[in-house]
Amino acid sequence: MQEYEKLYYDVVIIGAGVAGLYCARHLPKSLKVLVLCKNEPWECNTFYAQGGISVARDKRDIALHVKDTILAGAKHNTPQSVEKLSRDSLIVLDELLSSGLDFDRDTHNNLSYTQEGGHSLPRIVHAGGDATGRILHTFLIDSLQHTLWKSACVVDLLIEDDVCYGVNVQTKKGMVQIYSNHIVIASGGIGGLFQYHTNASTISSDMQGIILEHGLELANMEMLQFHPTVYIGAKSARKHLISEAVRGEGGMVIDSCGRRFLFEYDKRGELAPRDIVARAIVDYCAKHKERAFLDLRTFTKDSFAKRFPNVFRELSACKLQIPEALVPISPAFHYCMGGILTDNTKVRGMQNLYAIGECACNGVHGANRLASNSLLEGLVFGKSAALEIAHNMRKKPARHFLKQEMVLEKEGDSKLKGIIRKIMWEKVGIIRSKDSLNTALGGIEVMLESNIGRMLKLRLLVCRNIIQSALKRKKSLGAHYRIN
Ligand SMILES: Cc1cc2nc3c(=O)[nH]c(=O)nc-3n(C[C@H](O)[C@H](O)[C@H](O)COP(=O)(O)OP(=O)(O)OC[C@H]3O[C@@H](n4cnc5c(N)ncnc54)[C@H](O)[C@@H]3O)c2cc1C
């Protein structure tokens, strides 16, 4: 049988968001490291992150940061992971500052911390106002000392028993087989499965699907976070997100009569955790046949444009006069708390396969993510994986895999993709019932039996896993909300 072009690296990292790049940053230059990403490197969720990075204010704040995280996560978190997240936040912040990445500062040149929903105090550092993700990502890309391939989509892992030998990658030049001692999955979440979402176009759960195909585990996949405030005027599936910090700093959610209805659902109003806000908006609008708006009139035009330049630019481009105009909003899928089951960073059951960042489930977020803990997760666990790998660079015995025949896409896949997104949004979204989940499962099973390409099959496997997890968890918990 014919073989692909073969290459060898010490470490292959799948994904060039914060998790993959921070992992690469901590791998010695002496190692041969390859970072892979789909499309262009900036087309990732990291680049689009706005609000900032949560960090413990100092050592004394660690206990409260942990408490806030576990409270937001409905106590479904793994405490050791949360403690590591908060403890190491001080270390990664120092590393970033000392290597030249600066964050916004107040008039006394102190770091300017903002507060977001669920945090007991202001502990979010941000850069360029609301451009934290873009600035962090640009910094990590500019300082990357290893090789990066763009437009390189991993379509399979080369696994035998509990060892991963490498990856099959679709590139512009064709399929390439890359062998490696260590393989790190940092491929982000699952936004592409939903009709309305905030995620980058590269985020479509391919690697989570591959994990399932190989009989490995995803965990907590019913725990999906919907961002409460996206601008719904835009036509694209990726909706413009209006950062949590806008509500934290004075933006109010109102109905068409100006009523701040969130207080009817939670005494924290706009500062309640995002799942409570998202559900309240859906419930209130359905019950009262109302629409929800964001009222930004507590800001001046200049103060808003300075603090939230991205949101200001995007809304102005949609011809909204800020701050006077009321901004029509809705929730949209935003973040996946579940993912590839790991012990710290190692994929459970595997010797040399790691998962970090949004694709992983190490228990940090529990049943709901505390705002701005995810960039931090990418930094802390990205570094942790690198340290583990650097201490364990033993070479594996050689092993060669023959070419597999794969049809990545078939005619009709794109139409089915649209149907999947609609099913997932309507039946597996913010408010779920046994009936809605069973209907969704039926639809997904039928599509799995049809004549589809590999990439669509991977998406469907993940959808099925999400629905089965949601069916199994009969009671509401955190972001998972069941009405029956
Ligand atoms: C609009 C928006 C705003 C946000 N704001 C914040 C915030 O303020 N604070 C915060 O903490 N979090 C925020 N988040 C969440 C946070 O941005 C993400 O959780 C985090 O950036 C994920 O990082 P990552 O490295 O795991 O994945 P990503 O940054 O999403 O990167 C994934 C990478 O994997 C690659 N990839 C995917 N599949 C494949 C494949 N098959 N083969 C090869 N490569 C692949 C992609 O090309 C990409 O390079 C926000 C998210 C969004 C969408």
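**Strands, pocket and ligand contacts in a predicted model**

Q: In this predicted model, which residue of β5 does S54 stand opposite?
A: S54 has its partner in β5. That strand covers residues 124-125 and pairs with β3 in the antiparallel sense over two bridges. The residue opposite S54 is I124.

Q: Which strands are the edges of the open sheet that contains β5?
A: The sheet has three strands in the order β3-β5-β4, and the pairing is antiparallel. An edge strand pairs on one side only. That applies to residues 53-54 and to residues 113-114. The edges are β3 and β4.

Q: Is strand β9 enclosed or open to its surroundings?
A: Strand β9 covers residues 174-185. A residue counts as buried when its relative accessible area is under 20%. In β9, 12 of the 12 residues are buried, so the strand is largely enclosed.

Q: How many residues lie between β8 and β9 in their hairpin?
A: Strand β8 covers residues 163-171 and runs antiparallel to β9, with six bridges joining them. Within this pair, G166 stands opposite Y179. The two strands form a hairpin, and the number of residues between them is two.

Q: Which residue of β18 is the bridge partner of V184?
A: β9 also pairs with β18, which spans residues 353-355. This pairing is parallel and has three bridges. V184 has its bridge partner in β18, and that partner is Y354.

Q: What is the volume of the second largest pocket?
A: Its lining has 18 residues. The closest to the pocket centre are K38, C153, D206, E409 and M455. The volume is about 430 Å³.

Q: Which element supplies the largest share of the lining of the second largest pocket?
A: β8, α12 (413-427) and α14 (454-472) each supply at least two lining residues. The largest share is three residues. They come from α14.

Q: How many nonpolar residues are in the lining of the second largest pocket?
A: Sorted by class, this lining has seven polar residues. Charged residues also number seven. The nonpolar count is four.

Q: What is the distance from a backbone N or O atom of G51 to an oxygen atom of the ligand?
A: There are 38 residues around the ligand. G51 is one of those that come nearest, along with T46, G52, E358 and S374. The backbone contact of G51 with the ligand oxygen is at 2.7 Å.

Q: Which residue has a backbone N or O atom 2.8 Å from a nitrogen atom of the ligand?
A: Two backbone contacts can be set side by side here. The contact of S372 is with an oxygen atom of the ligand, at 3.3 Å. The 2.8 Å contact with a ligand nitrogen belongs to V154.

Q: Why does L36 count as buried?
A: L36 sits in strand β2, residues 33-36. The cut-off for buried is a relative accessible area under 20%. L36 is buried because its value is 1%.

Q: What separates the C-alpha atoms of L36 and I211?
A: Along the chain, L36 and I211 are 175 residues apart. In space, their C-alpha atoms are separated by 17 Å.

Q: Which residue's backbone nitrogen does the side chain of D266 reach?
A: D266 lies in the loop between β13 (252-254) and α8 (274-288). D266 is buried, with a relative accessible area of 12%. Its side chain reaches a backbone nitrogen at 2.8 Å, that of R268.

Notes. Residues are numbered from 1 along each chain as its sequence is written. This is a predicted model: local features need pLDDT of at least 70, side-chain atom pairs count only at pLDDT 80 or more; totals for chains, interfaces and linings use all residues. Side-chain values use heavy atoms; hydrogens and water are left out. Buried means under 20% relative accessible area, exposed over 50%, partly exposed in between (1.4 Å probe, protein chains only). Helices (H or I, at least four residues) and strands (E, at least two) are DSSP runs, numbered from the N terminus. Two strands pair if DSSP finds at least two bridges between them. On a 1 Å grid over the protein atoms alone, a cavity is a set of points where a 1.4 Å probe fits but cannot get out, and a pocket is an open set with protein on both sides within 12 Å along at least five of seven lines; lining residues have an atom within 4 Å of a point. Grid points are joined across faces, edges and corners, and a volume is the space filled by probe spheres set on the points. Ala, Val, Leu, Ile, Met, Phe, Trp, Tyr, Cys and Pro count as nonpolar, Asp, Glu, Lys and Arg as charged, and the others, Gly among them, as polar. A residue is near a molecule or strand if one of its heavy atoms lies within 4 Å of it. A polar contact is a pair of N or O atoms within 3.5 Å; within protein, one must be able to donate a hydrogen and the other to accept it, and residues adjacent in sequence count only if both atoms are side-chain atoms.
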